[in-house]
Amino acid sequence: MLDRKPPRSTAGECEVLQTLLQYQRESFVRKVDGVGELDARNPLVTSGTTILWLTKHMARAEQLWIVERFAGNRPDVLDDTVQPGDTVGSTIAAYRKTWPIVDNIVEAAPSLDALCHDVGSDDPVNLRWVLMHLLEETARHAGHVDILRELIDGTTGR
């Protein structure tokens, strides 16, 4: 796997956050792409984490945090439970399908200081916090996929 370094930028805060999030999204997908279907379902660690679950979880996290909690829309939030019909291709497609939806909401926001519409009983957070949370969540789970992929076939890289 080609080692791709994160893009550098001197743009504004929102654009930098979106650029780095997109880099992490693509890095995550590169790590998942090409893994065998059985391997993607195989829990290689005690926690039971699998590549398919991580991929579904990332799509769910973006939809939950941006579409539902920030924008206040009530879509059918994706479930991150791995189903018998799930495949590497279908989970990657579902994850990629969330990107433009999320990006459009972020781009339409008045500012990074805009508050989430609903975070339940938790403390309020703004869009800046949500984007930074998604950035760290995506990077953290990309690291998990990297370890699982290395255990499966030795593939490593950003």
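This is a selection-by-selection tour of a predicted model.

**Stop 1: the segment before α1**

Select P6, which lies in the segment before α1. P6 is partly exposed, with a relative accessible area of 36%. Add W99 and draw a distance between the two C-alpha atoms: the separation is 18 Å, for residues 93 apart along the chain.

**Stop 2: a buried pair between two helices**

Next, show the side chains of R25 and E62. They form a salt bridge, and the closest N and O atoms are 2.7 Å apart. This pair links distant parts of the chain, with R25 in helix α1 (residues 13–32) and E62 in helix α3 (residues 51–70), 37 residues apart. Are the two residues buried or exposed? Both R25 and E62 are buried.

**Stop 3: other salt bridges**

The whole structure contains ten salt bridges. For another one, select E68 and R74, whose side chains meet at 3.4 Å, N to O. R74 is exposed, at 53% relative accessibility.

Then go to helix α5 (residues 127–153) and pick D153 and R149, which are four residues apart there and so separated by about one helical turn. D153 and R149 form a salt bridge, with 2.9 Å between the closest N and O atoms. The two partners differ in cover: R149 is buried at 7% relative accessibility, whereas D153 is partly exposed at 41%. Finish this stop by selecting E13, D113 and R128, which are joined into one network by salt bridges that share partners.

**Stop 4: the nonpolar cores**

Hide the charged residues and select I66, F70, L127, V130, L131 and L134. These have the most contacts inside the largest nonpolar core, a set of 21 residues. Which helices each supply at least two residues of this core? They are α1, α3, α4 (88–108) and α5.

Center on L134 and display its neighbors. Leaving aside residues up to four places away in sequence, L134 touches L21, A61, E62, W65 and I66. E62 is also the salt-bridge partner of R25 from the second stop.

Now select F28, V35, I51 and L148. These are among the members of a second, separate core, which has 17 residues. As background, nonpolar side chains tend to be buried together in soluble globular proteins.

**Stop 5: a nonpolar patch on the surface**

Switch to a surface view and color L44, V45, I147 and L151. Together these residues make a nonpolar surface patch of about 330 Å². L44 sits in the loop between α2 (37–41) and α3. With 34% relative accessibility, L44 is partly exposed.

**Stop 6: the cysteines**

Last, select C14 and C116. How many disulfides does a search of the whole structure find? The number is zero. The closest cysteine sulfur to that of C14 is in C116, but at 14 Å the two are too far apart for a bond. From the other side, the sulfur of C14 is likewise the nearest one to C116, and C116 is in no disulfide. Color the two by accessibility to finish: C14 is partly exposed at 24%, while C116 is buried, with a relative accessible area of 12%.

Note on methods: Residues are numbered from 1 along each chain as its sequence is written. This is a predicted model: local features need pLDDT of at least 70, side-chain atom pairs count only at pLDDT 80 or more; totals for chains, interfaces and linings use all residues. Side-chain values use heavy atoms; hydrogens and water are left out. A salt bridge is a side-chain nitrogen of Lys or Arg within 4 Å of a carboxyl oxygen of Asp or Glu. Buried means under 20% relative accessible area, exposed over 50%, partly exposed in between (1.4 Å probe, protein chains only). A nonpolar core is a set of buried Ala, Val, Leu, Ile, Met, Phe, Trp, Tyr and Cys residues joined through side-chain atoms within 4.5 Å. Contact means heavy atoms within 4.5 Å. Patches are made of residues with over 30% relative accessible area and no salt bridge: like charges are joined within 9 Å, nonpolar side chains (Val, Leu, Ile, Met, Phe, Trp, Tyr) within 5 Å. Accessible areas come from the Shrake-Rupley method with a 1.4 Å probe; for residues, only the protein chains shown count as cover. A disulfide is a pair of cysteine sulfur atoms within 2.5 Å.
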